[in-house]
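Trainee: I've got a chain open on my screen and I'd like to learn how to read it properly. Could we go through it together, feature by feature?

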Amino acid sequence: MKLYNTSTRKMQEFKPLGDEVRIYTCGPTVYSEAHIGNLTAYIYWDLLVRTLRADGYTVRRVLNLTDVGHLVSDGDEGEDKLEKGAAREGRSVWEVAEAYIEKFRQDYQSLELVEPEVWARATDYIGEDMQAVDLMTERGFTYETSDGIYYDTAKFDRYADFAKLDLAGLQAGARVGFSEEKRNASDFAVWKFIKPGEKHAMRWDYLGRPGYPGWHLECATIIHHELGEPIDIHCGGIDHIPVHHTNEIAECYAAYGSELSRYWMHCDFITIDGEKISKSLGNTFSLGDLSERGFSPMDYKMWVLSGHYQGTRNFTFESLEAAKQRRLNWRNKIALLYQTTARNGSCPTPFSSGRSGPLGQVLGPSEKDVRPPVSDVFGTILNSLNHNLNSAEAFAVIDTSELAMEDWRKVDELFGLRLMTDSPDIDDEVREMIAERQAAREAKDYAESDRLRDLLAERGIGLLDTADGPVWQYLI
Ligand code: AMP
Ligand code: ZN
């Protein structure tokens, strides 16, 4: 497998360090409902895990849930996101975290994403965070200011390397005020103090006063305790490169003296109708909002996977509709395979590429039924994914190849698109209605035949009259 590694800026052959591939994915800050932009990352990293498993690897993955310490700005100022959520909803920070963890896990399931081996909640690792700060301090990497313990980035000579940061430029652009207490503009809080009178519900006593961990620290300590560094692959969004991941790397080096991860993968953002996703533009759609417009989580997943994780993607409802139709088309290919297999015993005659047109069009058996052996089609699909997760190319292979039922089963396992479960065989009642409609048609009772056809359509089943007899297809 070849992956683009952010840390080397190169496409590299992936080689895990041990028998198990250890992966860490930066998870959500649980202070509000995830919008579809937030969810794209988990869809891409799910494909990474599924591809590695299809390649025969054993994967151990940790996904964290940030329920503390993430401030509104990436610097160390501004409101704490959890406090902000609590104020907005008139609930406690703990209730807010609980509610949005639950919501995130529901979204996760509805997108058919493989559960990580460990869901790591930041507040379960506060003791480990304190130990890490002790270690960083013992090794001379920190200093104290009036509002916390800061990391002295000048002490880590490779600090700028990962993100290719211009530290001199950062220093020149630094704002006056609080930053005067910081030694370098890029220094960041590993632990924040809560000042007397300051409202901050989540608080732990450390160094004789109340405080809470800086945001980046949880990832370094969770990786250390749950996976052991260096891990094989660390994933996140491109916005994490200059601050969050740079700081995780620095903390890991200072506390544990080691590299954090061998490979780093970053996905790009989605825009909606060319605009950034934001509350003020009213384009922060959740999965629930898509559902109200008639699109399932699987339609959205299909849309995400039809592009590449490293490209900026522009979301439109037209392109979502196209993704929905493409999935419907795949399900109907599966439906046709069920029927031809049942009809011909073991020898299905599926549509050749390009012949599966819109419903209503009469489709016959393909002219040439030269299908490559099963493993070749699936092998080609997997090969595309092994090339830096090129799901767009893999989808094109699926569109243009004839897949056998076993191929579809494997494709479904590879992408998690519920193609098989959403395309089961029809029930006896529907089968009976199709037979009755066929009998009416043969008896030239067209009124009855049309009535039954409409009834079937109400159940989401359409009929195609082919030379081999009627073929049912899904309409939705
Ligand atoms: P936020 O809640 O806006 O801080 O976003 C949390 C994370 O979700 C960010 O750090 C990004 O990695 C990711 N994210 C936010 N917006 C988008 C977007 N439009 N497209 C893709 N990822 C996004
Ligand atoms: Zn992280």
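**Reading the chain, feature by feature**

Mentor: Let's begin at a loop. Glu-112 sits in the loop between α3 and β5 (118–121). Keep in mind that this is a predicted model.

Trainee: What is the phi of Glu-112?

Mentor: Phi there is near 55°, a positive value in a residue other than glycine. Glu-112 counts as partly exposed because its relative accessibility is 31%, between the 20% and 50% cut-offs.

Trainee: Which other residue has a positive phi although it is not a glycine?

Mentor: Try Arg-418, with a phi of about 50°. Look for Arg-418 in the loop between α13 (405–415) and α14 (428–442). Arg-418 is partly exposed too, with a relative accessible area of 24%.

Trainee: And the peptide bonds? Where is a cis one?

Mentor: Check omega. Between Glu-229 and Pro-230 it is about -5°, a cis peptide bond. Pro-230 belongs to the loop between α6 (217–226) and β11.

Trainee: Now the metal. Which residues are the protein donors of the zinc ion (ligand 2)?

Mentor: Start with the atoms that reach the ion. Cys-26 and Cys-219 each offer SG, His-244 offers NE2 and Glu-248 offers OE, at 2.1 to 2.3 Å from the zinc ion. Along the sequence, the spacing of these donor residues reads C-x192-C-x24-H-x3-E.

Trainee: Why is the arrangement around the zinc ion irregular?

Mentor: Go by the angles. The 4 donor atoms subtend 81 to 129° at the zinc ion, and a tetrahedral label needs all angles between 85 and 135 degrees, so the arrangement is irregular.

Trainee: How far apart are His-244 and Glu-248 in helix α7?

Mentor: They are 4 residues apart in α7 (residues 241–256), so about one helical turn separates them.

Trainee: Are those two buried or exposed?

Mentor: Buried means under 20% relative accessible area. His-244 is buried, at 1%, and Glu-248 is buried as well, at 0%.

Trainee: What about empty space? How much lies in the largest pocket?

Mentor: Rolling a probe the size of a water molecule over the atoms shows where empty space is left. In this model, the largest pocket holds about 1500 Å³. It is lined by 48 residues, and those closest to its centre are Tyr-31, His-35, Asn-38, Lys-81 and Asp-239.

Trainee: Which element gives the largest share of that lining?

Mentor: That's α1, with 6 residues. By class, the lining of the largest pocket has 17 nonpolar, 19 polar and 12 charged residues.

Trainee: Where should I look for parts of the chain that meet from far along the sequence?

Mentor: Pick a residue and list its contacts, leaving out sequence neighbours. Thr-6, in the loop between β1 (2–5) and β2 (10–13), is buried at 6% relative accessible area. Beyond four places in sequence, Thr-6 is in contact with Phe-162, Ile-241, Trp-264, Met-265 and His-266. The C-alpha atoms of Thr-6 and Trp-264 are 5.3 Å apart, although their positions lie 258 residues apart along the chain.

Trainee: And which residues does Asn-388 touch?

Mentor: Leaving out residues up to four places away, its contacts include Lys-2, Leu-3, Tyr-4 and Met-265. Asn-388 is in the loop between α11 (374–385) and α12 (391–400), and it is buried, at 3%.

Trainee: Last one: how much of the chain is buried?

Mentor: Of the 476 residues, 53% are buried. The chain has 15 helices and 16 strands.

Terms used:
Residues numbered from 1 in each chain as written. Chains lettered and ligands numbered in written order. Predicted model: local features only at pLDDT ≥ 70, side-chain atom pairs only at ≥ 80, totals over all residues. Heavy atoms only, no water. Donors = N, O, S within 2.8 Å, 3.2 Å for Na, K, Ca; no water. Tetrahedral: all angles 85-135°; square planar, octahedral: opposite > 155°, others 65-115°. Helix = DSSP H or I, 4+ residues; strand = E, 2+ residues; numbered from the N terminus. Buried < 20%, exposed > 50% of the residue type's maximum accessible area, 1.4 Å probe, protein only. 1 Å grid on protein atoms, 1.4 Å probe; cavity = no way out; pocket = protein on both sides within 12 Å on 5 of 7 lines; lining within 4 Å. Points joined across faces, edges and corners; volume = space filled by probe spheres on them. Nonpolar A, V, L, I, M, F, W, Y, C, P; charged D, E, K, R; others polar. Contact = heavy atoms within 4.5 Å.
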